[in-house]
Amino acid sequence: MAKRASQVAGSPLAFACAAGVIVLWLATEPFLGFSDTWQLIINTSTTIVTFLMVFVIQTSQNQDTIAIQLKLDELICIHKHASNSFIDLEELGEAELSKIRKRYEALADDARNRGEGADSAFPPG
């Protein structure tokens, strides 16, 4: 739900609607005469939208960050064959990303246990 809200909120149509609401609010100024009600309507509306958008943006950013990290993991792990299934990880849900992340954490633990640390990746000199 947060992903879809993020897509909708980031669209040109959403921007046009928000700009239209502001223009409409400003146009009502002469009729309401800078009344407390006039100010309260816009202040309350913008506060609610801002509050909700913080969570939408953070959810979207968290998912993108996990996907980017997993893509980097794939590049580090690559030897001969790349896995094309990593191409669009940002489209997966959190549960699916978590499963893949656990798999790579296990691979990293195995490599460390075998003595394949960071120093062994680079020849001396």
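This report describes the helices, the nonpolar core and selected residues of one protein chain.

The model is a predicted one, and its protein chain holds five helices and zero strands, so that the order of elements from the N terminus on reads α-α-α-α-α. Of the 125 residues in the protein chain, buried residues make up 12%. Among the contacts with a separation of 6 or more, 49% join residues that lie 24 or more positions apart.

**Packing of α4 and α5**

Two packed helices are described by the angle between their axes and by the distance between those axes. Helix α4, which covers residues 36–77, and helix α5, which covers residues 94–113, pack at an angle of about 35°, and their axes are 11 Å apart. The crossing of α4 and α5 is left-handed. On the α4 side the contact is made by Gln63, Ile66, Leu70, Asp73, Glu74 and Cys77, while α5 contributes Leu97, Ile100, Arg101 and Tyr104. Sorted by class, the contact of α4 with α5 comprises six nonpolar residues, one polar residue and three charged residues.

One of the α4 residues in this contact is Gln63, which counts as buried because its relative accessibility is 10%, under the 20% cut-off for that class. Leaving out residues up to four places away in sequence, Gln63 touches Lys3, Glu90, Glu91, Leu92, Gly93 and Leu97; Leu97 is also listed among the α5 residues of the helix contact.

**The nonpolar core**

The largest nonpolar core has seven residues in all, namely Ala67, Leu70, Phe86, Leu89, Leu97, Ile100 and Tyr104. Helices α4 and α5 each supply at least two residues of this core, and α5 gives the most to it, with three residues. Leu70, Leu97, Ile100 and Tyr104 belong to this core and take part in the contact of α4 with α5 as well. Leu89, another member of the core, is in contact with Ala67, Leu70, Lys71, Leu97 and Ile100 when its neighbours within four places in sequence are set aside.

**Accessible positions on α4**

Which aromatic residues form a pair, and with what geometry? A pair of aromatic rings is described by the distance of the centres and the angle of the planes. The count comes to one aromatic pair, formed by Phe51 and Phe55, which meet edge-to-face at 5.1 Å centre to centre with 75° between the planes. The pair is classed as edge-to-face because the angle of 75° is over the limit of 60 degrees. Phe51 and Phe55 both lie in helix α4, four residues apart, which is about one turn of the helix.

The table sets these two residues beside Leu75 and Thr46, which are also placed in helix α4.

| Residue | Relative accessibility | Class |
|---|---|---|
| Phe51 | 52% | exposed |
| Phe55 | 48% | partly exposed |
| Leu75 | 58% | exposed |
| Thr46 | 38% | partly exposed |

Phe51, at 52%, is exposed because the cut-off for that class is over 50%, whereas Phe55, at 48%, is partly exposed.

Two C-alpha separations place the other two residues of the table relative to other parts of the chain. The C-alpha atoms of Leu75 and Phe86 are separated by 9.8 Å, with their positions 11 residues apart along the chain, and Phe86 is one of the core residues. For Thr46 and Ala18, which are 28 residues apart along the chain, the separation of the C-alpha atoms is 10.0 Å.

How values were computed. Residues are numbered from 1 along each chain as its sequence is written. This is a predicted model: local features need pLDDT of at least 70, side-chain atom pairs count only at pLDDT 80 or more; totals for chains, interfaces and linings use all residues. Side-chain values use heavy atoms; hydrogens and water are left out. Axes are lines fitted to C-alpha atoms, for helices over the stretch in contact, and angles run from 0 to 180 degrees between N-to-C directions. A crossing is left-handed if the near helix is turned anticlockwise from the far one by less than a right angle, and right-handed if clockwise. Contact means heavy atoms within 4.5 Å. Ala, Val, Leu, Ile, Met, Phe, Trp, Tyr, Cys and Pro count as nonpolar, Asp, Glu, Lys and Arg as charged, and the others, Gly among them, as polar. Rings of Phe, Tyr and Trp (its six-membered ring) pair if their centres lie within 6.5 Å; planes under 30 degrees apart count as stacked, over 60 as edge-to-face and the rest as tilted. Buried means under 20% relative accessible area, exposed over 50%, partly exposed in between (1.4 Å probe, protein chains only). A nonpolar core is a set of buried Ala, Val, Leu, Ile, Met, Phe, Trp, Tyr and Cys residues joined through side-chain atoms within 4.5 Å.
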